[in-house]
Amino acid sequence: MASKKVGVMVMMMVVVVMATLVERSVAIDLCGMTQSELNECKPAVSKENPTNPSTLCCDYLKHADFSCLCGYRNSPWLGSFGIDPALALGLPSKCDMPNAPTC
């Protein structure tokens with residue numbers, strides 16, 4: 001009975017370690033922005049209770065590939081991630097970016 005418990009515990013540890021490794025290896029880099037940079041901007045483009053973009057979000061947005069980002073404006077994926085496309089399109093002007101690109 002004790003060996004069965006040890007076997008189950010070892011299997012659980014393997015699952016946890018594998019999940020951690022998979023999570024770390026699947027980093028998103030979208031249109032010149034990393035996952036953490038995208039996450040910094042998400043509160044400003046969320047459908048529920050959007051906030052003003054943070055200073056960090058605006059800094060990260062300065063090096064984004066806007067032609068790439070504009071390609072997602074009509075994507076059904078945005079809604080599944082809780083992102084409002086109209087709010088996303090408004091980020092450059094909210095960040096006071098000179099010559100803000102338009103889609």
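Biologist: Of the contacts in the protein with a separation of 6 or more, what share comes from residues 24 or more positions apart?
Modeller: Keep in mind that we're looking at a predicted model. Here a contact means heavy atoms within 4.5 Å. Among contacts with a separation of 6 or more, the share from residues 24 or more positions apart is 64%.

Biologist: What pattern does the protein follow along the sequence?
Modeller: You'll be looking for six helices and two strands. Read along the sequence, they give α-β-β-α-α-α-α-α.

Biologist: How are α2 and α6 oriented to each other?
Modeller: Helix α2 covers residues 35-45 and helix α6 covers residues 85-94, and their axes are 9 Å apart. The packing angle is about 110°, and angles from 65 to 115 degrees share one label. That is why we call α2 and α6 roughly perpendicular.

Biologist: Does α2 pass α6 in a left-handed or a right-handed crossing, and which residues of α6 make the contact?
Modeller: The crossing of α2 past α6 is right-handed. On the α2 side, the contact uses Cys-41, Ala-44 and Val-45. Their partners on α6 are Leu-87, Ala-88 and Leu-91.

Biologist: By class, how many nonpolar residues does the contact of α2 with α6 have?
Modeller: Let's sort them by class. Ala, Val, Leu and Cys are among the residues that count as nonpolar. The contact of α2 with α6 has no polar and no charged residues, and its nonpolar count is six.

Biologist: Cys-41 also forms a disulfide, so which partner does it have, and is that partner buried or exposed?
Modeller: The sulfur atoms of Cys-41 and Cys-57 are 2.1 Å apart, and the two form a disulfide. With 110° about the S-S bond, this link is right-handed. Cys-41 lies in helix α2 and Cys-57 in helix α3 (residues 55-61), so the bond ties together parts that are 16 residues apart in sequence. The partner has a relative accessible area of 0%, so the name and label you want are Cys-57, buried.

Biologist: How far apart along the chain are Cys-31 and Cys-68?
Modeller: A disulfide joins this pair, with an S to S distance of 2.0 Å. The link of Cys-31 and Cys-68 has -60° about the S-S bond and is left-handed. Cys-31 is in the loop between β1 (29-30) and β2 (33-34), while Cys-68 is in helix α4 (residues 66-70), and the separation is 37 residues.

Biologist: Which of Cys-31 and Cys-68 counts as partly exposed?
Modeller: Buried means under 20% relative accessible area. Cys-31 has 8%, so it counts as buried. The one at 26%, counting as partly exposed, is Cys-68.

Biologist: Where does the disulfide partner of Cys-70 lie?
Modeller: Cys-70 is joined to Cys-103, S to S 1.8 Å. With -70° about the S-S bond, that link is left-handed. It ties together parts 33 residues apart in sequence, because Cys-70 lies in helix α4 and Cys-103 in the segment after α6.

Biologist: What is the pairing when the bonded cysteines are numbered in sequence order?
Modeller: A search of the whole structure finds four disulfides. With the bonded cysteines numbered in sequence order, they pair as 1-5, 2-3, 4-7, 6-8.

Biologist: What percentage of the residues in the protein is buried?
Modeller: You've met a few already: Cys-70, for one, counts as buried at 11% relative accessibility. Cys-103, at 46%, counts as partly exposed. Of the 103 residues in the protein, the buried ones make up 21%.

Terms used
Residues numbered from 1 in each chain as written. Predicted model: local features only at pLDDT ≥ 70, side-chain atom pairs only at ≥ 80, totals over all residues. Heavy atoms only, no water. Axes fitted to C-alpha atoms, helices over the stretch in contact; angles between N-to-C directions. Helix = DSSP H or I, 4+ residues; strand = E, 2+ residues; numbered from the N terminus. Parallel < 35°, antiparallel > 145°, perpendicular 65-115°, else oblique. Left-handed = near helix turned anticlockwise from the far one by under 90°. Disulfide = S-S within 2.5 Å. Buried < 20%, exposed > 50% of the residue type's maximum accessible area, 1.4 Å probe, protein only.
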